[in-house]
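User: Please give a close reading of one part of this model, starting from a single backbone feature and following the elements and ring contacts that can be described along with it. Please state the cut-offs behind each term.

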Amino acid sequence: MDRSYLNSVRVEEDRCTGCLLCVKKCLVQAIRVRDGKAVIISDRCIDCGECIRCCPTRAIAALVEPLEELKSYKVNIALATPSFYAQFDGNISASILWQGLKEIGFDSVFDVPLAGDYISEEIEAYLDSYEGSYPVISSACPAVLRLIQTKYPELICHVVPALAPAEAAAIYVRRETMKRLNLVPEDVGIWFLSPCPAKGTNIHQSVDVAHTAVTGSFTLASLYGPLSVVISEIRKEKNELPQALVGTSYELLWGTERGELLSTGCRHGLSVSGPEDVDEVLKQITLGSLTDVEYVSCYICDGGCVGGPSVAVNKFVGTKNLERRAMLRHEREREDRREAMQAARICENFPRSKDFIKSLQAKPAPPLDPDFGTAMEKMERLTALAERLPGLDCGACGAPTCRIFAEDVIRGFAKEEDCIIRSRQSRKK
């Protein structure tokens, strides 16, 4: 196991009962139960957060950075994502939400949908000139990118070479803040308001950019309580606040499953969300079943980012809030999508994806042994052991399936007698 690989999902052993629900739920078979406690295999985990959702004792959680981290920087800027806006009533103005962020410690706020207006233009232009194999796959969800790296590396060439809007926003706001205030990079904290652990992991070990401009992240769930209190007080005061500089309604909807397709104007696209459905769609792409689809927007969280495991409100409530906010923004926009987005692009020298992205690298499971001959011998032993096992996939051994358990034994992570049924059969003999 590659322990240098980072992930943002943690197990609190005191709460874990070893119930196996997370083992069975994990899409990439990255969890085992060892000595009665769940253990996450870091180099297999894609930080989708499904284990967080299913854990009945809340023993699994996303790594949370405390707000005290803001004290380490001279200037702190919050990246207000669509999923952030989704946590609050759509009738509450962005100005009030931004003021709330300032009162809990941030110096300023940047609207991520504003960056999305530039990224959508890039994606649309890329699709217009694309001559490769269809479909093109969205690069917005880091958990999907990690799934492609580990399970579907043959699809890497299908991924659109575009920055996620939040990363583009961070690059821009860091550069402009340093220039305006004459600061060095270490003085500026750029903080992502995150709906999921995958976003946090991508900051510390990015799969899509050479050097991320984001300093760190705070989960929306951890911010919701203190923010709700100050926002309530701000609304009571009814003071006039500066107008928030925001992007279009189209980019605001990137927080939902179909938002990316709407913002890019893609007419022959497919949107999919939820780990099992995303996995199935990627499988169908490898089989050549979706070549008549131009673009696939994939989000590992059911419903899109509004359904992330680190949000505070229900995904249906979040979607309702976001759609209401988008409707109000749309009323102030030009009717034509392209004209509305063009009018919103007011940032000078906004970063272009080609200058910052890096190519995805395949990261399949490591071979059973570095030596080819030894690996083949171990594969034979693995196959023989799997045939001896009962094939019930009961999980009592701590692995999700008998086949995976056999692999764990051959790799030295488990012992054959950990299979209860095999152990009983051996004692009877």
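Analyst: **A proline loop and its wider setting**

Pro 135 is found in the loop between α5 and β7 (136-137), where helices (H or I, at least four residues) and strands (E, at least two) are DSSP runs numbered from the N terminus. The model is a predicted one, in which local features need pLDDT of at least 70 and side-chain atom pairs count only at pLDDT 80 or more, whereas totals for chains, interfaces and linings use all residues. Residues are numbered from 1 along each chain as its sequence is written, and side-chain values use heavy atoms, with hydrogens and water left out. The peptide bond that leads from Tyr 134 into Pro 135 is cis, with omega near 0°.

The helix on one side of this loop, α5 (112-129), recurs in the surroundings of α14: together with α10 (249-252) and α11 (259-264), it is included in what covers the buried residues of α14. Buried here means under 20% relative accessible area, exposed means over 50%, and partly exposed lies in between (1.4 Å probe, protein chains only). In α14 (residues 337-344) the buried residues are Arg 337, Ala 340, Met 341 and Ala 344. These four span an arc of only 95° around the axis, which places them on the same side of α14; the arc is that of the directions from the helix axis to the C-beta atoms. In general, an α-helix has 3.6 residues a turn, so residues three or four places apart point the same way.

Aromatic contacts come next. The search of the whole structure finds eleven aromatic pairs. Rings of Phe, Tyr and Trp (its six-membered ring) pair if their centres lie within 6.5 Å; planes under 30 degrees apart count as stacked, over 60 as edge-to-face and the rest as tilted. One of these pairs is formed by Phe 88 and Tyr 224, which are stacked at 5.5 Å centre to centre with 25° between the planes. Phe 88 belongs to the loop between α3 (82-85) and α4 (94-103) and Tyr 224 to helix α9 (residues 220-237), so the pair ties together parts that are 136 residues apart in sequence. Phe 88 is buried at 6% relative accessibility, whereas Tyr 224 is partly exposed at 29%. Tyr 126 and Tyr 130 make a tilted pair, at 5.4 Å centre to centre and 40° between the planes. Of these two, Tyr 126 is partly exposed, with a relative accessible area of 25%, and Tyr 130 is buried, with 14%. Elsewhere, ring pairs join Tyr 73, Phe 106, Trp 191 and Phe 218 into a cluster. A ring is also engaged by a charge: the charged end of Arg 329 sits over the ring of Tyr 85, 5.2 Å from its centre, the criterion being NZ of Lys or CZ of Arg within 6 Å of the ring centre and within 35 degrees of the ring normal.

Helix α9, which carries Tyr 224, leads to the sheet. Four strands form this open sheet in the order β6-β5-β8-β9, with parallel pairing; two strands pair if DSSP finds at least two bridges between them. The edges are β6 (108-111) and β9 (216-219), each with a single partner strand, so one side of each has no neighbour in the sheet. From one strand to the next the twist averages 30°, and angles run from 0 to 180 degrees between N-to-C directions, with axes being lines fitted to C-alpha atoms, for helices over the stretch in contact. Strand β5 (residues 75-80) pairs with β6 in the parallel sense over four bridges, and Ala 80 stands opposite Asp 111 in β6. Helix α7 (residues 165-181) packs on the sheet and touches β5, β6 and β8 (188-194), its direction making about 155° with that of β5. Helix α9 also packs on the sheet, touching β8 and β9, and its direction makes about 65° with that of β9; contact means heavy atoms within 4.5 Å.

A further pairing, between β2 and β3, is antiparallel over four bridges, and Ile 40 in β3 is the bridge partner of Ile 31. These two strands form a hairpin with two residues between them, and Asp 35 in the turn has a positive phi of about 55°. Asp 35 is exposed at 82% relative accessibility. Along β3 the side chains alternate, with Ala 38 and Ile 40 buried on one face and Lys 37 and Val 39 pointing to the other and not buried.
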